[in-house]
Amino acid sequence: MRKTSLFFLGAGAGALFALLAIQPRILIGAPAEAAGSDTYRQLNLFGDIFEHVRAQYVEKPDDAKLIESAINGMLTSLDPHSAFLDAKNFRDMQTQTRGEFGGLGIEVTMEDGVVKVVSPMDGTPAARAGVQPNDLITHLDNEPVKGLTLEQAVEKMRGPVNSSLQIRISRKGVEKPVEVKIVREIISIKNVRARVEGGDIGYLRITSFQGERTLEQLKAGVADVNRDVPTDKLKGYIVDLRNNGGGLLDQAIAVADAFLERGEIVSTRGRNPEDTQRHNARPGDITNGKPVIVLINGGSASASEIVAGALQDHKRATLVGTRSFGKGSVQTIIPLGSGNGALRLTTARYFTPSGKSIQAKGIVPDIEVLQDVPEDLKARTDTKGESSLRGHLKAEGDEQTGSQSFVPPDPKDDKALKASLDLIRGVTTNSAFPPTAKRAAN
């Protein structure tokens, strides 16, 4: 069965999904007949209320919307990550999971009611058409963007391959609007970006685990670093998982496995003991044993925490930054038949190799590094974490709040990155780097 993922949920946390086999269970604690009788009475009550609303509400309601709202109410009462996906949202989720779609090839955000270009992706239609960072897209096919949400604008920019889209751009320093016609192509979501820092350290930024090609892109990134830096000069790697909200369980397992030679990566445990699953590493380290530092912060959630927790527990990497988000649950995507969407249901908790649940706690870095946050951003750069979400699954033991999630846009101002570079180069020392089994016993 295919593992799937969705966009960020709650306070910026990504959902972690896996399709697991689900068997019908009988609730224990009351005779089956009594439990069934109570359930049917409640369903009859729901039916009575539904009919009253249909017949007597001041305006004629939409029956389908009433039922969908009732379903959503039931699921959201469970926890922040269980929900009903209508047919459109289910299709969007599948597109995100595949990691490919028909589009222009630009990363965008919303600013002052219009779409702002963060960056055109290399080799895409938008890049070839001359779209530039910080361009403001004001019109799509002559229709104003103002009034649309970011999601609605993105949906309009996506479309069938070989179809065209006329965009109007407001560009700083250019008096007249720039009109550009772009023909859509298959766009592959790039989850991994690699570069070389200072000629001797590989930097691997994993922005998401939502696509099925995350491991493939990680391997390509490592290959790029190895091509640019001779093995004898390569001092180590930095894996940046900051503000990575999560994604697919199998991709998180595969990425952790890429750095490990052996041992358990993660276990998932459902309501019943027989639902427990353990995932183990296979021999083969794509870095050939080079030192690894993993960067995390308050926006590192779910799949990111699986990778960070596995590498920390096995002493394969030192974690630098701030406490992670603390989403320690797994959601199952259950298709509901053609045109009916799907059910996203929390079915398990996951545990790091040492047996720790990070639910509503997060992962504590081995070395805490706080960033210098501009005054105007201080109120918006702390993530409260899973424990702040209403109805979250309770932690095993004391719960912890979130932490700082600000990453400076200029690498020169990035204190966590600089601290990691200095550690790998030996400019500074810390007992947590490199991690050792002896230190783990203390």
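**Exercise 1. How much accessible surface does the chain have, and what share of it belongs to carbon and sulfur atoms?**

Solution. The model is predicted, so local features need pLDDT of at least 70 and side-chain atom pairs count only at pLDDT 80 or more, while totals for chains, interfaces and linings use all residues. Residues are numbered from 1 along each chain as its sequence is written, and side-chain values use heavy atoms, with hydrogens and water left out.

The accessible surface of the chain is about 22,500 Å², by the Shrake-Rupley method with a 1.4 Å probe. Carbon and sulfur atoms hold 52% of that surface.

**Exercise 2. Describe the surroundings of strand S13.**

Solution.
- Step 1, location: S13 spans residues 201-206. Helices (H or I, at least four residues) and strands (E, at least two) are DSSP runs, numbered from the N terminus.
- Step 2, burial: six of the six residues in S13 are buried, where buried means under 20% relative accessible area, exposed over 50% and partly exposed in between (1.4 Å probe, protein chains only). One side carries Ile201, Tyr203 and Arg205, and the other carries Gly202, Leu204 and Ile206.
- Step 3, antiparallel neighbour: S12 (residues 192-197) pairs with S13 over six bridges in the antiparallel sense; pairing requires at least two DSSP bridges between the strands. Valine 196 is opposite glycine 202. Three residues separate S12 and S13 in this hairpin, and glycine 198 in the turn has a positive phi of about 65°.
- Step 4, parallel neighbour: S14 (residues 236-240) runs parallel to S13 and is joined to it by five bridges. Isoleucine 201 has glycine 236 of S14 as its bridge partner.
- Step 5, connection: between S13 and S14 the chain passes through helix H6 (residues 214-228) in a right-handed β-α-β crossover. Right-handed means that, with the strands pointing away from the viewer, the path from the first strand over the helix to the second runs clockwise.

**Exercise 3. Classify the aromatic pair found in the whole structure.**

Solution.
- Step 1, criteria: rings of Phe, Tyr and Trp (its six-membered ring) pair if their centres lie within 6.5 Å; planes under 30 degrees apart count as stacked, over 60 as edge-to-face and the rest as tilted.
- Step 2, geometry: the search finds one pair. The ring centres of phenylalanine 46 and phenylalanine 50 are 6.3 Å apart and the planes are at 15°, so the pair is stacked.
- Step 3, setting: phenylalanine 46 and phenylalanine 50 are four residues apart in helix H1 (residues 32-56), which means about one helical turn separates them. Phenylalanine 46 is partly exposed at 41% relative accessibility, whereas phenylalanine 50 is buried at 16%.
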